[in-house]
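User: Could you take a close look at one small sheet for me, strand by strand? I'd like to follow how its pieces fit together.

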There are 2 protein chains.
Amino acid sequence: MQPIAEYLAENALNLKNELIEFLKIPSISCQEEFVPECRRAAEWLERCLTKIGFSVTLYPVSSRHPMVYAESPKIEGAPTLLIYGHYDVQPVDPLDLWTETSPFEPTEKNGCLYGRGTSDDKGPLYSHIAAAAYWMKQPNRPNLNVKFLIEGDEEGGDSTAALFVEENADLLACDYVVLSDSTQFAPGFPSITCGLRGIAAYELTLTGPVQDLHSGMFGGAVTNPCNVLCEILGNMFDENHRIRIPGFYDEVRRLPQEDLEAMRLLPFDDAGFFSSVGVEDGLGEADMTVHERITIRPTFDINGITGGYQGEGGKTIIPAWASAKFSFRLVPNQDAEWLTAALSRWIQEQLPPGITMKLDVEAQSGGLLLDLKRPCMKAAARSMEFGFGCAPVFTREGGSIPIVAKFSRRLTPNVLMLAYSQKTDNAHGPNEHFSLTNFIHGIKTNVKLWQELSIEEEN
Amino acid sequence: MQPIAEYLAENALNLKNELIEFLKIPSISCQEEFVPECRRAAEWLERCLTKIGFSVTLYPVSSRHPMVYAESPKIEGAPTLLIYGHYDVQPVDPLDLWTETSPFEPTEKNGCLYGRGTSDDKGPLYSHIAAAAYWMKQPNRPNLNVKFLIEGDEEGGDSTAALFVEENADLLACDYVVLSDSTQFAPGFPSITCGLRGIAAYELTLTGPVQDLHSGMFGGAVTNPCNVLCEILGNMFDENHRIRIPGFYDEVRRLPQEDLEAMRLLPFDDAGFFSSVGVEDGLGEADMTVHERITIRPTFDINGITGGYQGEGGKTIIPAWASAKFSFRLVPNQDAEWLTAALSRWIQEQLPPGITMKLDVEAQSGGLLLDLKRPCMKAAARSMEFGFGCAPVFTREGGSIPIVAKFSRRLTPNVLMLAYSQKTDNAHGPNEHFSLTNFIHGIKTNVKLWQELSIEEEN
């Protein structure tokens, strides 16, 4: 058996080049024109996983992009690890802010690979494929069955992966789930993510007059949908920056005191956090630390707003309509479906005469907190210590990976989120990048994890 | 001398065709790409007025589009009438709502001419050119010197026409000003406009993080400029729908009781007003009628708002910036410059940490109320009765014609606003149109006005 360090020394360049091939496919899932590119990414994975010895199937799903499913040759009686990832990426606009690279022409700089999807999630996902490639070449691979489930609708907001899991629980049956789609606490802190926020995303459209009107002739009497959109969404927070929708906090569960204290021991750098995004200070819920605000507390953010005249110069109109895309991050036990009903009622109650509303649900999923006391958590920690050379920390993350809650409820509570990306990687933004050191350390961690989980089961 | 009725019977088709030529020039003043078209419109006017016997000069002005100035051959000792209009038009988007015609291919339907600028202001302006063409052909034209001042920056919001008047008061010296850039009270009510609202238009840009951020990783702590824009602009009205900026109403002058009562005698149709724009009801200042709200009370309207992701699907970001174009309509004696300072302070005071603001002034002008007791008002009323066959009403209008206040202060208080357009003409909106009956009646009114004003002076 070839030691992993030696294997990586020989193969690092090939692995990087293969990852670059994958990154060049503009698999933006939410935009119609990229549907064929998403299929290309799925087919690329099919070839890649077939080549290393997996049997691969592309499943059509009710959302737009195929689900890639693969399994290693069956070892009877061995435990099963399901590796999850997604091949789709976020849109790339505004393009003019991509100063380091063109989004789909990955470029290496300062030890990082720049390009859309490098950090979220093609780079981390590929570290698991690389580990599989390593093990499948070894004469004595661990006593472990491995399945891959790689979706193409994670970024689009209309993922049906959860439904796929629900409907294919037998196919996906496993003892462990592992994924790398979260971020490290900070550089130098290998991290296992043990908490995620949920999400509820909406698009609200308010319609007023049948067409744009002259604001001189109609202004003062005809209700302006842009004004009303601002009034309603601008009324979301109270003076403590808490969300006003009645009952919003009723089911919000606080962390146990000991976990809160452990969290507060982590050296979270408020000033560095703000300066990394170019501001001096921020705004958030009263009586919460910045670290708590971004990980274990719910939020409300307008993601985009549009209405009326947006071109050069001015146009003095009352716009016919206005709309906003916005999202809440949710924490365990908030119920996204309850929120949709409460939100809809709350908006409706504020709607003045002359305006009609349309509220579309774009995405919904609950938050998650994992149990740190499970043996597999310790196996994951040992693997990461092997891969990165120091013990990991356990972190709670502010983002949402909707399918993880489904895994933990439907397949197994043994969900392992091994974080290889950095918060500063600009996932979802311009100049997204991924540390090549973390890439290599990640592969080592993944390789070790196969061993640890096969042994874990034997114990 | 040929009677005007006979002249119109012979020439109506030619006049309409010449107007159509003028309308076909897409002289959108606020968009850079149409700068050459605005010049074409000015040059078209130059040829047209030269042909009928005026001497014409195109003056460069500090805003973008030339000022057209023309004068009739000088009659010593005769009074002078200055005719004002504008050759520029509003942008045409959203294009897909132009169901009756392409904006710059004027089409005749149901007794109206459809196309951008038909009603605001090329059609009404051309009715004055047609009157001039008539009189210049007659052997005994009235004892009146006539000047035209036609600008190309009225719709752009950055008009420097007021400055031009200020700097060229000698050139423009006159005893009367007439313009047709306002609207009739209702169809069948020939109208003389005796009040206008002023305007103060702004663009507010709020900037937050240096780039769009992942709302999961940063949401809850980094201030969201879209959220803040909604909070601030959404806070503009109090529970009585009165504007919250401290001091905003301090200088608002109420109409004298008798004028208010005369206003209330006009058969303003609230239900028809709302249903004409496709809504059942509206929203406005407490204790005011709909007619008052749209004519003699100040307003606040967001004209356009933009920020964050506006494409297909969702993108869960905190946007780096958000901006809104908005405008206040002002009434006599509100001071737009005072408002700019007060508004800026009011926004600044609400600005949370992590956000910077930029407030640009797009347009500023005061409101106006004319004295109904002046003899020229009666001359105008007689002219309109001749042109339309019934006596006109005096109306106050909610729109703004910034230069009119300047005329009345710098040149003469004898300003006559003869309204030929209808409120339902869709000025500034899609399917703008202009009644051809009003066009012909307008020409007759204008022809009569030359006589009336020359006699008026003799009396």
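Analyst: Happy to; here is a walk through the three-stranded sheet of chain B. This is a predicted model, in which local features need pLDDT of at least 70, side-chain atom pairs count only at pLDDT 80 or more, and totals for chains, interfaces and linings use all residues. Residues are numbered from 1 along each chain as its sequence is written, with chains lettered from A and ligands numbered from 1 in the order in which they are written.

The sheet is open, and its strands run in the order β4-β5-β18 (chain B) with antiparallel pairing. Strands here are DSSP runs of E with at least two residues, helices are runs of H or I with at least four, and both are numbered from the N terminus; two strands pair if DSSP finds at least two bridges between them. At the edges stand β4 (107-109) and β18 (433-435) of chain B, each with a single partner strand, so one side of each has no neighbour in the sheet. From one strand to the next, the twist averages 25°.

Looking closer, three bridges join β4(B) to β5 (residues 112-114) of chain B in the antiparallel sense. Within that pairing, B:Glu108 has B:Leu113 of β5(B) as its bridge partner. Helix α3 (residues 118-137) of chain B packs on the sheet, where it touches β5 and β18 of chain B (contact means C-beta atoms, placed from the backbone, within 7 Å). The direction of α3 makes about 45° with that of β18(B); axes are lines fitted to C-alpha atoms, for helices over the stretch in contact, and angles run from 0 to 180 degrees between N-to-C directions.

Conventions: Contact = placed C-beta atoms within 7 Å.
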